[in-house]
Amino acid sequence: MISEEIQLSPSAQAVLFEINERLQLFIDSGQTWSIFTNKMSLTPEDRQGIRDFLGRGSVTIHLTDSAEPAEWMESGTPGVWYGVFYDQTQNPILETIEIGSFPQVPGAQIEDVEIGIEILKKRLMNNKE
């Protein structure tokens, strides 16, 4: 659920207006967008205020089989995802807000699909015997 009674700094408000513009661009053209919130001049309170304003959805994606684990949480605004990338000691190293149907990084990359089809072919061939 989206809350409209949260006090936000001008910086946090600017990010929310950018999200609004990028959502409209996504609707119009399908163009996705990423905002690297911890690389901006936002305080931790600003970042939390943005998250509180947008709310929380029901989908969480965990990428665990990676040198840098990550997770994405759907916000309460469809098309807006919070992403957090971690180092090997589980400390957050990057926070993002992604605009799109689905975060791009956890989506199947073509290289992974090519490897997957080769594995599937081998399994199918072995199963025939």
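Rings of Phe, Tyr and Trp (its six-membered ring) pair if their centres lie within 6.5 Å; planes under 30 degrees apart count as stacked, over 60 as edge-to-face and the rest as tilted. The model is predicted: local features need pLDDT of at least 70, side-chain atom pairs count only at pLDDT 80 or more, and totals for chains, interfaces and linings use all residues. Residues are numbered from 1 along each chain as its sequence is written, and side-chain values use heavy atoms, with hydrogens and water left out.

**Exercise 1.** Find the aromatic pairs and classify each.

Solution. Step 1: the rule yields two aromatic pairs. Step 2: Trp 72 and Phe 85 are edge-to-face, at 5.5 Å centre to centre and 90° between the planes. Step 3: Trp 72 belongs to strand E3 and Phe 85 to strand E4, 13 residues apart; strands are DSSP runs of E, at least two residues, and helices runs of H or I, at least four, numbered from the N terminus. Step 4: for Trp 81 and Phe 102 the centres are 6.2 Å apart and the planes at 70°, so this pair is edge-to-face.

**Exercise 2.** State whether Trp 72 and Phe 85 are buried or exposed.

Solution. Buried means under 20% relative accessible area, exposed over 50%, partly exposed in between (1.4 Å probe, protein chains only). Both Trp 72 and Phe 85 are buried. In the other pair, Trp 81 is buried at 6% relative accessibility, while Phe 102, at 40%, is partly exposed.

**Exercise 3.** Identify the exposed residues on the face of H2 turned away from its buried side.

Solution. That face carries Pro 44 and Glu 45. The buried residues of H2 (44–54) include Asp 46 and Leu 54.
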